[in-house]
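Trainee: Could you help me learn to read a protein model, one feature at a time?
Mentor: Gladly, let's look at it together.

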Amino acid sequence: MIDGKKVLAVITARGGSKGVKRKNIKKLCGKPLITWTFSSAKKSMLIDRIIISSDDSEIIQIAKEFGIDVPFIRPKELSNDMAASIDVVLHAIESCKGFDILV
């Protein structure tokens with residue numbers, strides 16, 4: 001919490017990256033790249049809930065193993081190259097009500 005306000009952290013990670021294929025699950029120093037983001041978020045004393053927005057079953061499984069909430073699977077229309085990041089975040093906010101601050 002920050003000044004009595006609940007904080008939601010949304011980590012976005014789709015499976016269909018074009019530049020570096022499967023980048024979120026590629027190993028960096030022995031761990032999937034996405035877990036470095038998970039670790040950083042978990043270290044925060046201000047975040048009340050951490051979720052992931054993903055369409056990829058392997059990324060979702062890694063998130064679950066790391067203790068990250070997976071309240072939904074990102075819809076296909078928000079998982080393509082043309083999907084705007086703001087729409088992905090707005091979907092997450094709609095799905096996880098009751099928070100005052102988003103990071």
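**Strands, helix and salt bridges**

Mentor: Let's begin with one pair of residues: Leu8 has Leu102, in strand 5, as its bridge partner. Please keep in mind that this is a predicted model, where local features need pLDDT of at least 70 and side-chain atom pairs count only at pLDDT 80 or more, while totals for chains, interfaces and linings use all residues. Residues are numbered from 1 along each chain as its sequence is written, and side-chain values use heavy atoms, with hydrogens and water left out.

Trainee: How do I read strands, and in what order do they form the sheet here?
Mentor: Helices (H or I, at least four residues) and strands (E, at least two) are DSSP runs, numbered from the N terminus. Two strands pair if DSSP finds at least two bridges between them. Here three strands make an open sheet with parallel pairing, in the order 4-1-5. Strand 4 (49–53) and strand 5 (101–102) are the edge strands, each pairing on one side only. Strand 1 (residues 7–12) pairs with strand 5 over two bridges, in the parallel sense.

Trainee: Which residues of helix 1 are buried?
Mentor: Buried means under 20% relative accessible area, exposed over 50%, and partly exposed in between (1.4 Å probe, protein chains only). In helix 1 (residues 33–43), the buried residues are Ile34, Thr35, Phe38, Ser39 and Ala41. They lie on the same side of helix 1, because they cover an arc of only 165° around the axis. That arc is taken from the directions from the helix axis to the C-beta atoms.

Trainee: What do the buried residues of helix 1 pack against?
Mentor: Contact means heavy atoms within 4.5 Å. The buried residues of helix 1 pack against strand 1, strand 3 (31–32), strand 4 and helix 2 (57–65).

Trainee: Which residues form the nonpolar patch on the surface?
Mentor: Patches are made of residues with over 30% relative accessible area and no salt bridge; like charges are joined within 9 Å, and nonpolar side chains (Val, Leu, Ile, Met, Phe, Trp, Tyr) within 5 Å. Accessible areas come from the Shrake-Rupley method with a 1.4 Å probe, and for residues only the protein chains shown count as cover. In this model, the nonpolar patch consists of Ile86, Leu90, Ile93 and Leu102, with about 340 Å² of accessible area together. Helix 3 (residues 85–95) gives the most to it, with three residues. Ile93 sits in helix 3 and is partly exposed, at a relative accessible area of 36%.

Trainee: How many salt bridges does a search of the whole structure find?
Mentor: A salt bridge is a side-chain nitrogen of Lys or Arg within 4 Å of a carboxyl oxygen of Asp or Glu. The search finds five. One of them joins the side chains of Arg22 and Asp56 (2.5 Å, N to O). Arg22 is in the loop between strand 1 and strand 2 (27–28) and Asp56 in the loop between strand 4 and helix 2, so this pair ties together parts that are 34 residues apart in sequence. Asp56 counts as buried at 11% relative accessibility, whereas Arg22 is partly exposed at 29%.

Trainee: What other salt bridges can I look for?
Mentor: Arg22 also meets Glu58 in a salt bridge between side chains (2.9 Å, N to O). Glu58 lies in helix 2, so that pair ties together parts 36 residues apart in sequence. Another salt bridge joins the side chains of Arg49 and Asp69 (2.9 Å, N to O). That pair links distant parts of the chain, with Arg49 in strand 4 and Asp69 in the loop between helix 2 and helix 3, 20 residues apart.

Trainee: Which residues are joined into one network by salt bridges that share partners?
Mentor: Arg22, Asp56 and Glu58 are.
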